[in-house]
Amino acid sequence: MKIESGTVVTLGYDITTADGEIVESSDISGPISLLHGTQTLIPGLAKRLEGLEAGAEQTFEFPPEEAFGTIDDAPTNVMSRTEFPADTKFEVGGKFVAKMPNGQPLHLAVKAVTDESVTVAMIHPLAGQTIGMSVRIIGVRAATSKETELGKAMVKPPPPPPKKA
């Protein structure tokens with residue numbers, strides 16, 4: 001089966017810097033499954049996977065716009081000042097490093113400050129960089145109706161409904 005919109009793709013991958021340093025690998029975190037057409041690791045990946053089949057191996061290079069974006073186009077978030085340590089001093093242009101749920105660092109740049117909140121740009125550590133990515137297509141299958149409804153691949157199927165007495 002070929003990768004197309006509405007298929008679930010399971011892939012192994014390595015993400016590298018322009019110097020070839022591996023910064024993320026499914027050899028460590030495990031393969032991922034994505035609902036093609038709705039989920040992706042990086043924006044430029046979906047069109048490059050289109051038409052590939054299980055067993056295919058490819059290496060791609062992505063400019064910042066197709067990878068983790070540029071520093072100038074980083075998404076912003078308004079955060080309560082209570083989310084920071086009480087003694088934090090905020091200045092527009094100031095920078096902080098936070099940890100994402102997977103432990104990866106996320107750079108925050110202060111864009112605006114009020115008495116209650118801080119607006120930050122959330123800058124991925126690889127923003128502004130060209131990256132390389134090697135992928136191994138482990139599997140391709142049709143999405144279930146539930147996956148299509150949810151817009152994401154389900155790694156573990158939901159439990160069956162309770163039996164009626």
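**Figure 1. The pair Arg141 and Glu147 in the predicted model.** At a relative accessibility of 1%, Glu147 counts as buried, and the structure shown here is a predicted model. Arg141 forms a salt bridge with this Glu147, with 2.8 Å between the closest N and O atoms. Arg141 itself counts as partly exposed, because its relative accessibility is 34%, which lies between the limits of 20% and 50% that bound this class.

**Figure 2. The pair Arg48 and Glu66.** The closest N and O atoms of Arg48 and Glu66 are 2.6 Å apart, and the two residues form a salt bridge. Arg48 belongs to helix 2 (residues 45-49), whereas Glu66 sits in the loop between strand 4 (57-62) and strand 5 (76-80), so that the salt bridge ties together parts that are 18 residues apart in sequence. Arg48 counts as partly exposed at 24% relative accessibility, while Glu66, at 18%, counts as buried, the limit for that class being under 20%.

**Figure 3. Arg136 and the salt-bridge network.** Arg136 and Asp27 form a salt bridge in which the closest N and O atoms are 3.6 Å apart. This pair links distant parts of the chain, since Arg136 lies in strand 9 (residues 131-142) and Asp27 in helix 1 (residues 26-29), at a separation of 109 residues. Asp27 is exposed, with a relative accessible area of 63%, whereas Arg136 counts as partly exposed at 25% relative accessibility. Asp14 joins Asp27 and Arg136 in a network of salt bridges. A search of the whole structure finds six salt bridges.

**Figure 4. The largest nonpolar core.** The largest nonpolar core has 21 residues, and those with the most contacts inside it are Leu11, Leu45, Leu49, Phe62, Met133, Val135 and Ile137. At least two residues of this core are supplied by each of strand 1 (7-16), strand 3 (32-35), helix 2, strand 4 and strand 9. Strand 9 provides the largest share of the core, namely five residues.

**Figure 5. Surroundings of Leu45, and a second core.** When residues up to four places away in sequence are not counted, Leu45 touches Thr40, Phe60, Phe62, Met133 and Val135. Separate from the largest core, a second core consists of eight residues, among them Met79, Leu106, Val118 and Val120.

Conventions: Residues are numbered from 1 along each chain as its sequence is written. This is a predicted model: local features need pLDDT of at least 70, side-chain atom pairs count only at pLDDT 80 or more; totals for chains, interfaces and linings use all residues. Side-chain values use heavy atoms; hydrogens and water are left out. A salt bridge is a side-chain nitrogen of Lys or Arg within 4 Å of a carboxyl oxygen of Asp or Glu. Helices (H or I, at least four residues) and strands (E, at least two) are DSSP runs, numbered from the N terminus. Buried means under 20% relative accessible area, exposed over 50%, partly exposed in between (1.4 Å probe, protein chains only). A nonpolar core is a set of buried Ala, Val, Leu, Ile, Met, Phe, Trp, Tyr and Cys residues joined through side-chain atoms within 4.5 Å. Contact means heavy atoms within 4.5 Å.
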